[in-house]
Amino acid sequence: MTNRWIEETFHPHWRVALEASKVLHEDKTEHQHLVIFRNETWGTVLMLDGVCQLTTSDEFVYHEMMSHVPLTALESPERVLIVGGGDGGVLREVLKHSSVKKATMVEIDRTVIDTAVKYYPEIPGKSFDDPRADIVIADGLKYVAETDEEFDAIIVDSSEPIGPSAVLHTREFFADCKRALSKGGVLVTQNGLPFLFPDHLAGTTRVFASLFKRVAPYMCTQPCYFGGPFALNFATNDKSVLHVDEKTLAKRAKKRGVSGLKYWTPAVHNASFALPAYAQSVVDEAIAAGKAGNDTAYAHAPVEVKPADDKKKAAKAKAPAAAQPKASGSKKAKA
Ligand code: SAM
């Protein structure tokens, strides 16, 4: 029996396919197409709307850089808001900081949380049951527009700017995030693959530059985000959080009991803000445009999500050659 190959369908002119040694769960939820499967190389894989969101083999990269960069940049973060992040990976890392008194996670799709606990419990670990965790099932756009709480750090662990997540890449959303930040607070968001989508990096940087005094995208190498280094964007009105020396970063992490990390180090933290020239020029131009009042956010061209493709292919692959309808002229087949 041949295994099914599941394709990423996000990129218009190229595709990556992963062999599914076992499909654990597949569903068209109220919000998106969700499939979780085992792959011999990447481990357990989550795909939403045809885009690889995480694998158990390399999720530590993204989750550590989304969490420890903003939190160690801050002197003593207590209140954290995570928008998206239903897999629990960012929540897990945030709760490693003993200074955090409360971490609110606002996820639109409960299925993502339930299937995380069931099929890759090692990612959320015990974070959903931590007394400091406050799990809210809601649209992040609506939540930040209505909340009267203040957060020291807001971490937007959204999916790509398509489907339910498109609203989490808009000026309106980021402006409400700014309103919900405490004085000197930090906003961090995933910002895609600059080599393939420089406009995504430019759009979010423009908006951040129009809203905040300081904008500083940083990068990490996420193996399962095919297409080069991955960008995260960082905004604040407190310039001091962008110039924290390695000794202080290390002291803060140690004092809060953060240890056993596999990607983030104080040196990687500061180095991650050094961007390659092709990305730095996009950022410089976008900051200048944002400061000049051009706060146009990025909008991704709608993507047709068709995860079913490979089902048909799998069925075709499975069907013994004999059964294949003969080319025209064979009466029986046509009938
Ligand atoms: N690391 C991944 C990435 O960068 O592609 C993101 C992972 S995380 C699974 C993304 C989460 O955002 C998903 O669980 C999705 O359901 C959630 N999400 C999408 N749109 C949302 C919205 N409008 N409000 C809250 N959560 C949302």
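The exercises below work through strands, cores, cavities and one loop residue of a predicted model.

Residues are numbered from 1 along each chain as its sequence is written, and side-chain values use heavy atoms, with hydrogens and water left out. In this predicted model, local features need pLDDT of at least 70 and side-chain atom pairs count only at pLDDT 80 or more, while totals for chains, interfaces and linings use all residues.

**Exercise 1. Place strand 10 among its neighbours.**

Task: State which strands pair with strand 10, and whether strand 10 is buried or exposed.

Solution.
1. Helices (H or I, at least four residues) and strands (E, at least two) are DSSP runs, numbered from the N terminus. Strand 10 covers residues 151-157.
2. Two strands pair if DSSP finds at least two bridges between them. Strand 7 (residues 79-84) is parallel to strand 10, with 5 bridges, and L81 stands opposite I154.
3. Strand 11 (residues 181-190) also runs parallel to strand 10 and is joined to it by 5 bridges. Here I155 has V188 as its bridge partner.
4. Buried means under 20% relative accessible area, exposed over 50%, and partly exposed in between (1.4 Å probe, protein chains only). Strand 10 is largely enclosed by the rest of the structure, because 7 of its 7 residues are buried.

**Exercise 2. Follow the chain from strand 7 to strand 9.**

Task: Give the pairing of strand 8 and the hand of the crossovers on either side of it.

Solution.
1. Strand 7 and strand 8 run parallel and share 5 bridges; R79 is partnered by K102 of strand 8.
2. A crossover is right-handed if, with the strands pointing away from the viewer, the path from the first strand over the helix to the second runs clockwise. The route from strand 7 through helix 2 (residues 89-94) to strand 8 is right-handed.
3. Strand 8 is joined to strand 9 (residues 133-137) by 5 bridges, again in parallel, with A103 facing its bridge partner A133. Together with helix 3 (residues 110-119), these strands form a right-handed β-α-β unit.
4. Of the 6 residues of strand 8, 5 are buried.

**Exercise 3. Describe the nonpolar cores.**

Task: How many residues has the largest nonpolar core, and which have the most contacts inside it?

Solution.
1. A nonpolar core is a set of buried Ala, Val, Leu, Ile, Met, Phe, Trp, Tyr and Cys residues joined through side-chain atoms within 4.5 Å.
2. The largest has 58 residues, and V94 and F234 have the most contacts inside it. Helix 1 (residues 59-73) gives the largest share, 8 residues.
3. Another core, of 23 residues, lies apart from it and includes L81 and F208.

**Exercise 4. Read the loop residue D49.**

Task: Where does D49 lie, and is D49 buried or exposed?

Solution.
1. D49 sits in the loop between strand 5 and strand 6.
2. Its relative accessibility is 9%, so D49 counts as buried.
3. Most residues other than glycine have a negative phi. D49 is not a glycine, yet has a positive phi of about 45°.

**Exercise 5. Locate S67.**

Task: In which helix is S67, and how far apart are S67 and T205 in space?

Solution.
1. S67 belongs to helix 1 and is buried, at a relative accessible area of 0%.
2. S67 and T205 are 138 residues apart in sequence, and their C-alpha atoms are 19 Å apart in space.
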